[in-house]
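Dear colleague,

I am handing over to you the structure shown below, together with its sequence. My findings are set out after it.

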Amino acid sequence: MTRFLSYLLLAAALCSAAHAQAFCALRDPNRQIYSLFPKATSYRSIVRTVDRDARRQVGARLPFTLHFNELGRHTLYVPMRGDQVLGLVHVRSEAGRWGLVEVAWGLNLNLQVLDFEFQRCRDHQRGALEAPEARGRLTGASFEDLKAMLNEAGDALEPGSLKVDAAASDLAVTVIRNGLKTIAATEAAWMEDLTALRAMALANRAMPTAHTLRRISLLYNEPCLALVAQRVGEAGTGVQRDSAAAWQVLDKARRPLGTIVSSAWRQDEIVTDLIYAVNREGRILAVETPGAWPTKEVARLFLGQVDKSPSDLEKCSGPVELATLELLTTLQSHGLTATGK
């Protein structure tokens, strides 16, 4: 995947060394990244602008918003082990009782906390947050998990959510708020990059000889829509076509191995983000969601699509099977599966 990653990161971070220095949030990237990700052998950086639109998106999810000083260009770090993406490192600051608190967060590609490290903190209670019990509560936490640790106003701990002494509660709130803003800002400003990194990670897992990803443009073009209408009919599949993105997976010899597709699916009030791996023969290798499945039933239905091919779906009728058939039909229309030739 080296070549694809180079394309992605070069496009994302076209800036001079001087600019990179200014935008760098990590004071000592070489030490901090390898501290958070000990298995990393290298890292890349993606510079993006956290703008007013991103600020509004963050504010819509939280009872507090980004301060105007937090707008501007920021850096997201991508730790690597060889060609494998290990996760993300993002640093943000938060006003604390004793001045600014800067926290470097290690996140997985689903934006769950893997670890964290204080980059700057004058609060004498920092040891309480670094202690195994508090760190263990934060490790593995998602956005919703962190949000549940605070009260509705976001200015105090929920009782029993993070067991620290009363003297450390203010710093605990500061750290949790910082983590929430970090995750929300990452989704708001780096979503396109994050989607591509997730595609790379799934390609590596599902197709071990994968080397390069090639973005597929105009996934739902007119020939595709015509074939989908013919094959699937007018029944609603729930596929959110405007959110779909796809990449062809190639090996080192540039031979096609299959396709990675990212899309969303809606049924009534349930919305699920999905990422599929499909091999060259048109068989589903894997179905994942970047976050948590909305219900056990939705998870069961989508995971049940693994190993299916178009012939298995000829008599499908349920919305999940129809969505899978639409996906495979779309890939066939682009000649991305053997049956599409």
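The paragraphs that follow describe the pockets, the cavity, the nonpolar cores, one helix and one buried residue.

Please note that this is a predicted model.

Pockets

The largest pocket encloses about 870 Å³ of space. Its lining comprises 30 residues, and those closest to the centre are Glu187, Arg198, Asp273, Pro290 and Gly291. Two or more lining residues come from each of helix H7 (143-148), helix H8 (169-206), strand E8 (239-250), strand E9 (256-267) and strand E10. H8 is the leading contributor to this lining, with six residues. By class, the lining of the largest pocket consists of 13 nonpolar, 10 polar and seven charged residues.

The second largest pocket has a volume of about 290 Å³. Among its 15 lining residues, Val85, Leu109, Ala201, Arg205 and Glu288 lie nearest the centre. Strand E3 (84-85) and H8 are the elements that give two or more residues to this lining. H8 again supplies the largest share, here four residues. The lining of the second largest pocket divides into six nonpolar, six polar and three charged residues.

Nonpolar cores

H8 also figures in the interior. The largest nonpolar core holds 61 residues, of which Leu88, Phe118, Leu146, Ile176 and Ile260 touch the most other members. H8 provides the largest share of this core, 19 residues. Beyond its neighbours within four places in sequence, Ile176 is in contact with Leu138, Leu146, Met149, Leu150, Leu157 and Leu162. A second, separate core has 28 residues, including Tyr276, Phe302, Leu322 and Leu325.

Helix H11

Two of the residues just named, Leu322 and Leu325, are among the buried residues of H11. This helix spans residues 319-333 and reaches 21 Å from its first C-alpha to its last, close to the 21 Å expected for its 15 residues at 1.5 Å a residue. H11 is mostly covered, with 12 of its 15 residues buried. The buried residues run from hydrophobic ones such as Val320 and Leu331 to Thr324, Glu326 and Gln332. They pack against helix H9 (222-232), E8, E9, E10, strand E11 (284-288) and helix H10 (296-303). After H11 comes Gly335, which has a positive phi near 70°.

The cavity

How many cavities of 30 Å³ or more does the model contain? The count comes to one. About 90 Å³ of space lies in this cavity. Of the 13 residues that line it, Tyr220, Val239, Ser263, Tyr276 and Leu327 are nearest its centre. Leu327 is also one of the buried residues of H11, and Tyr276 belongs to the second core. At least two lining residues come from each of E8, E9, E10 and H11, with E9 giving the largest share, four residues. The lining of the cavity is made up of 11 nonpolar, two polar and no charged residues.

A buried threonine

Is Thr272, in strand E10 (residues 270-279), buried or exposed? Thr272 is buried, because its relative accessible area is 1%, and the cut-off for buried is under 20%. Leaving out residues up to four places away in sequence, Thr272 touches Ser263, Ala264, Trp265, Thr289, Trp293, Pro294 and Val298. One of these, Ser263, also lies near the centre of the cavity, among the residues nearest to it.

With kind regards

Technical notes
Residues are numbered from 1 along each chain as its sequence is written. This is a predicted model: local features need pLDDT of at least 70, side-chain atom pairs count only at pLDDT 80 or more; totals for chains, interfaces and linings use all residues. Side-chain values use heavy atoms; hydrogens and water are left out. Buried means under 20% relative accessible area, exposed over 50%, partly exposed in between (1.4 Å probe, protein chains only). Contact means heavy atoms within 4.5 Å. On a 1 Å grid over the protein atoms alone, a cavity is a set of points where a 1.4 Å probe fits but cannot get out, and a pocket is an open set with protein on both sides within 12 Å along at least five of seven lines; lining residues have an atom within 4 Å of a point. Grid points are joined across faces, edges and corners, and a volume is the space filled by probe spheres set on the points. Ala, Val, Leu, Ile, Met, Phe, Trp, Tyr, Cys and Pro count as nonpolar, Asp, Glu, Lys and Arg as charged, and the others, Gly among them, as polar. A nonpolar core is a set of buried Ala, Val, Leu, Ile, Met, Phe, Trp, Tyr and Cys residues joined through side-chain atoms within 4.5 Å. The expected span of a helix is 1.5 Å times one less than its number of residues.
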